[in-house]
Every structure is written in structure tokens, then in C-alpha cells.
Amino acid sequence: MDVPLRRPTAFADPLGLATLDETSRLVTDDALDTGFLLSNLLLTAMSRALTARAVAALRSADGSGYAVAVQKGLPTLDGQMLAPDDLDLGDGGSDVPGVLVDHGLALALPLRFGAATVGFVALGPRLTRQPYGDDDLRFLRSLVSMTAPALQNARTLDRLRHANAALDAQARTLAQQVQRLETLLELAQALAATPDRTAQLRLLGFTLMGQTTARRYALLVEPPARPGSLDLSSIRGFAADTLDPASVRDAVADREDPFVPSPDEPLGQAGVALVCPLGAEGRVVGVLLVGPRTNGQPYDDGDQALVEAIGRLALTAIRTGYLLDEQAEKRRMDEEMRIARSIQERLLPQSLPPVPGAELAVVALPSRAVGGDLYDALTLPDGRIFLAVADVTGKGVPASLLMANLQACLHVLYPDGLASLPDAAARANRVICENTSAATFITAFFALYDPQTHVLRYVNAGHNPPYIVREDGSVDELTDGGLILGVMKGMVYDEGQATLAPGDVLAMFSDGVTEAMGDAQEEYGEDRLIAVLRATRNEPAAAVVARVQADVEAFTGPVAQRYDDFTLVVLHREG
């Protein structure tokens, strides 16, 4: 009896043992690639089920749903979010949720590892148009369950690979940062060890070219003498006429961070690829301009930070050099002022001449290292005492030079015996008019005291009138004379005369005494000076001088610097 042949079903191997065995070996040998596992799973399922479409979706890391990882026959779904996170497939089968049916899928099976659903596999309808039977489901479930652990391992390995790749990237970034920090440290040390500004700028150029491969750069720095402006300190590769310092300052106005200029901007047209404003003390004090890199790569954030740091180091070194230059210049000026002070002190009387029957005392305090006040006292061959007090306009070195000129003029007159004070004043006035500008003048008081007759002859050339405080407390002012010296050539001066009685005090002073300013912006004044002179008229001349100085300093308070030269000469006839 002939046995009819049985028409084969869709699965020649109903249990699919051979296929499962082959899959088992594959997932064991190649379980390190998620894409391979999913592709093999879909191709095996499609070939055994005779379907033209299938997808494998994996649960997203953030749990927002299931995204298509591999698709066959459904290119529009590649990478798309296919189902929500709460998709419930149960044990899988032909009861497919609507969201999958909409894409032409007829069978869905979950991919589970332990109790967790990591994804699912969905197949389209079979080409034979036959429904999926129990044997089909058993095979597919076996295939899926066999693949799921390997898939989980592969995903874990993928995450490890990504983590390793991230660590490698971080390691490379860290190594680059370390290298950049080492570069900055070496540059800082080299700049500190190189005080020469030209060598510092050369170091800047070498460092920039070595770190960025740029061959063009320019550094503009604010000069100490012109705050708010910029000078071109160093340039290489750029045309100097294309980098106007004022335009550069305008370009970085209100900018603090490095930026890439637009090609339409003047700096971009000049070929500048990176602009680094360099600020200090709340304003831009320098700008570093860098050309394009030779490799054509743009300047990323790390490059910009490095270039800015290099510029700041160079700027700090240059500004420190400016400060050192200023300190050196100040030391030189201080030394010159010390020498000038020493010369001026030697020009003034080194000691006061003895005055028979009287005492002479003086205090002279310049407002600066050198002053414009003059006093002189010496004994003439005939025994008379020549006294002089003068005040030159201005302060400091110019005033001291004019004071020395006047003193030299007077010393030329000494050998002549100073027979006539008015004539001596006129000659001094002529010399000063011929050798100084119209804006320079001198107030002066010249006197000749005769210890035998106690007569004081004098000329007051516009100076503060000296006081004679009489023994009874009355005060005389010595005003006879004429115009201040140096204003009008050919002036004629009058001579005044007074007699010092026993106990009388003659006080000659500059306006630095009476115009000394107190804390309330009030001048010390003549009244206070006269009051002290009256109170001390019976004391020695040195005590009078000391009391006046102490009273003025008590009035002005603890000031760091005098506003004007302070000179006081006191002649006290003994009672």
C-alpha cells in the first residue's frame, strides 16, 4: 500500500533543533556585538517563518520607550521610537498591540533577561499567509530566550566600551591639559627669568607658534604713560598698517572673553582668526591677536583658553617690566634729588654767625626734597650782619635752581660790602629779569644789622613783612622796599630802617609759616604767629623758633607732606 507523501509545513524541522543549535554556537562565539546578535536573530526568525519584514527594538536607557535597533523590510522605522515604555506583550504571540499592527507586524515576542524586559522582536505576516502556529511560537520563543542573555551581555559590553572610550577621551583631554599647564608653567618661569622685554616677546612668539601652529600674531599693551590707549608691542606676519591700535581697542570694547572676529570686521579682514582681550583692574590693558592655524583647524574652547593664558602671562611680564622700569627711574630720581638736596644744604649757611649782643636762630623745612625758600646770614668785613629771607615761586627742583641763582647773585655782591641795600636789590632784580621767564619771580627781604648801633637797614621786595616784637609786646612791620624781584627790569627800591632795643625780637619768615593749612582748610595766619612771638619774646631765639614750629605743626595736624617750604629766622637782642 502506497503511503501518500506528507506536504512539508513551513518548518521542515518542526522543532528547529538544528537551527537552534547553530544559533547557540553563534551567540556563544559572537555575543560581543549587539548589532550582530539582533541581525542574526531577525534573519533566522524570518528565514524560518518565511516573512519579509521584522524589527528588533530595545528599551531606551532613560526608560522612555522602545527604539528600533535593527529592522528588515521596514526602513522607515530605523532608529525610531516604536512603542511606549509600558508596552505589555505578555509571553508574546499573535495578539499584537495596535501600535505594532499599524506598522504591519503580526507577531511580537519580548526579549527578557531575568525579570527585566530589555526589548522585543516583531515579525510581519508570513508570505504563505498561514498563521503562526504553536510550533512556530515554541521555536521563536526558544530562539529569543537563547539570544536574550547574550544580548544583555553584549549591551553590557557596549556600555563598557562606551565607558572606556569616554575614559580614553578624558585621558587624552587630561593629558592635553597637563601638557598645556606644563607649557604655561615653563613659559611663566622663562618670562620671570628673562627681564629683557625683547626676549620676553620672542618667548611669546615661539610659544604661540608651537602650541597653535599659527604663524601670525600681534600683542598690544597699554603704556604706563597713557592709560586707556594701546601700543603695538610685538607683531609678526600681520601688516602693521592694518592693526590700528585705536580700532583694536574699539573692537574689544565691552568684550572680556576670546572671540573669533567676523570676516566682515576690520580685524577679520586683516587676517585675524582669534582675538583675546586681556583685562586687569577692571579694564582692557592688552589685546593678543592670532592668525589662522596652519592646519586649517578652528580654535576650539581649549585653544582659546590656552592662547588667552599665554597672552596673560606675557602681559603680566611686560607690565611687571614697566613697573621695574618705573622703580629704577624713581630710584634714579631719588638719588638725583638726594644729591640736589645735599648741594642745596651746602649752599645754605652751615652755621650761623655770632651776633654780639644778640642771638640768631633759624628753622628751614622744604616741602619736598629740595625747596624754593632761601635764607642767608653772614658777617661782613665791617662787622655788620647781612640777613636775607626769600621765597621763590613754585616748589621742588625749579624753585631750588632759581633760589641757587639768587644766592649766587648775592654772594657776588658780598665782596663789595653791600654799601647800598637798594642798589643790591636792584642789581639782583636785573639779573633775575634777564635770566628767567616773566612768570617766575621772587619775594625777598634783605637786611643789614649793625651790632654797634643796633640799627637795622632793610629792603622788602614784596615779601611777607617781618615783625619786630618790642619788649613791651607792640609789633612793627617792616614794609619799605619795592616790587617783587623778577617782574620789572629797572625797578628802584627804597630802604627802610629800624632800631632794635634791648629785648626786641626780629622775626623774618616765608609764607609757608603763615599760610600753613589746618584740618579745617584754615590758614595759620599772622595773628597766631604774632601771638606766639609775643608769648616768647623774653625767651632765647632758639626757643622762639622751636615754639613757633611746634605751634604751627599742632595747628596743621599730622600731615604727610608740607604744602609749602617753611622758613623762620629770628634775631633776639639781649635785654
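This passage walks through the overall make-up of the protein and then looks at a few of its helices, loops and individual residues.

The structure is a predicted model, and a good place to begin is with the chain as a whole. The protein has 575 residues, of which 45% are buried. Its secondary structure amounts to 13 helices and 20 strands. Of the contacts with a separation of 6 or more, 62% join residues that are 24 or more positions apart.

Cysteines are worth a look early on. A disulfide is a covalent bond between the sulfur atoms of two cysteines. How many disulfides does a search of the whole structure find? The result is zero. Two cysteines can still be placed by their accessibility. Cys 276 has a relative accessible area of 0% and is therefore buried. Cys 433, with a value of 19%, is also buried, because the cut-off for that class is under 20%.

Helix H2 (residues 34-49) and helix H4 (residues 134-192) offer an example of helix packing. Two packed helices are described by the angle between their axes and the distance between the axes. For H2 and H4 the angle is about 170 degrees and the axes are 8 Å apart. Angles over 145 degrees count as roughly antiparallel, so this description fits H2 and H4. On the H2 side, the contact is made by Thr 34, Leu 37, Leu 38, Leu 41, Thr 44, Ala 45 and Arg 48. The H4 side contributes several residues, among them Phe 139, Leu 140, Leu 143, Val 144, Thr 147 and Asp 158.

The loops that adjoin these two helices deserve attention too. Leu 50 sits in the loop between H2 and strand S1 (54-59). Its phi is near 55 degrees, a positive value in a residue other than glycine. With 35% relative accessibility, Leu 50 is classed as partly exposed. In the loop between strand S5 (116-123) and H4 lies Arg 129, another residue other than glycine with a positive phi, here near 65 degrees. Is Arg 129 buried or exposed? Its relative accessible area is 79%, so Arg 129 is exposed. Arg 126 is found in the loop between S5 and H4 as well, yet at 6% relative accessibility Arg 126 counts as buried. The side chain of Arg 126 reaches the backbone oxygen of Ala 49 at 3.2 Å, and Ala 49 falls within the residue range of H2.

Helix H5 (residues 197-212) allows a simple check of helix geometry. At 1.5 Å a residue, its 16 residues should span 22 Å, and the end C-alpha atoms are indeed 22 Å apart, so the two values agree. At the start of H5, a side-chain oxygen of Asp 196 comes to within 3.3 Å of the backbone nitrogen of Thr 198. Just after the helix, Thr 213 has a positive phi of about 65 degrees. An α-helix has 3.6 residues a turn, so residues three or four places apart point the same way. The buried residues of H5 include Leu 201, Leu 204, Gly 205, Leu 208, Met 209 and Thr 212.

Further along the chain, Leu 267 belongs to helix H7 (residues 266-269). A relative accessible area of 5% makes Leu 267 buried. Which residues does Leu 267 touch, not counting those up to four places away in sequence? They are Leu 243, Val 248, Ala 251, Pro 261, Val 272, Val 275 and Leu 289. Ser 247 is 20 residues from Leu 267 along the chain, and their C-alpha atoms are separated by 8.7 Å.

The last region brings together a loop and a helix. Pro 465 is in the loop between strand S14 (455-461) and strand S15 (467-469), and is partly exposed, with a relative accessible area of 26%. Beyond its neighbours up to four places away in sequence, Pro 465 touches Asn 460, Glu 477, Leu 478, Thr 479 and Phe 509. Pro 465 and Asp 476, eleven residues apart in sequence, are 9.2 Å apart from C-alpha to C-alpha. In helix H12 (residues 525-535), the residues Gly 525, Leu 529, Ile 530, Val 532 and Leu 533 are buried. Their cover includes S15, strand S16 (475-477), strand S19 (505-509), helix H11 (511-514) and helix H13 (541-556).

Note on methods: Residues numbered from 1 in each chain as written. Predicted model: local features only at pLDDT ≥ 70, side-chain atom pairs only at ≥ 80, totals over all residues. Heavy atoms only, no water. Disulfide = S-S within 2.5 Å. Buried < 20%, exposed > 50% of the residue type's maximum accessible area, 1.4 Å probe, protein only. Helix = DSSP H or I, 4+ residues; strand = E, 2+ residues; numbered from the N terminus. Expected span 1.5 Å × (residues − 1). Polar contact = N/O pair within 3.5 Å; in protein donor to acceptor, adjacent residues only side chain to side chain. Axes fitted to C-alpha atoms, helices over the stretch in contact; angles between N-to-C directions. Parallel < 35°, antiparallel > 145°, perpendicular 65-115°, else oblique. Contact = heavy atoms within 4.5 Å.
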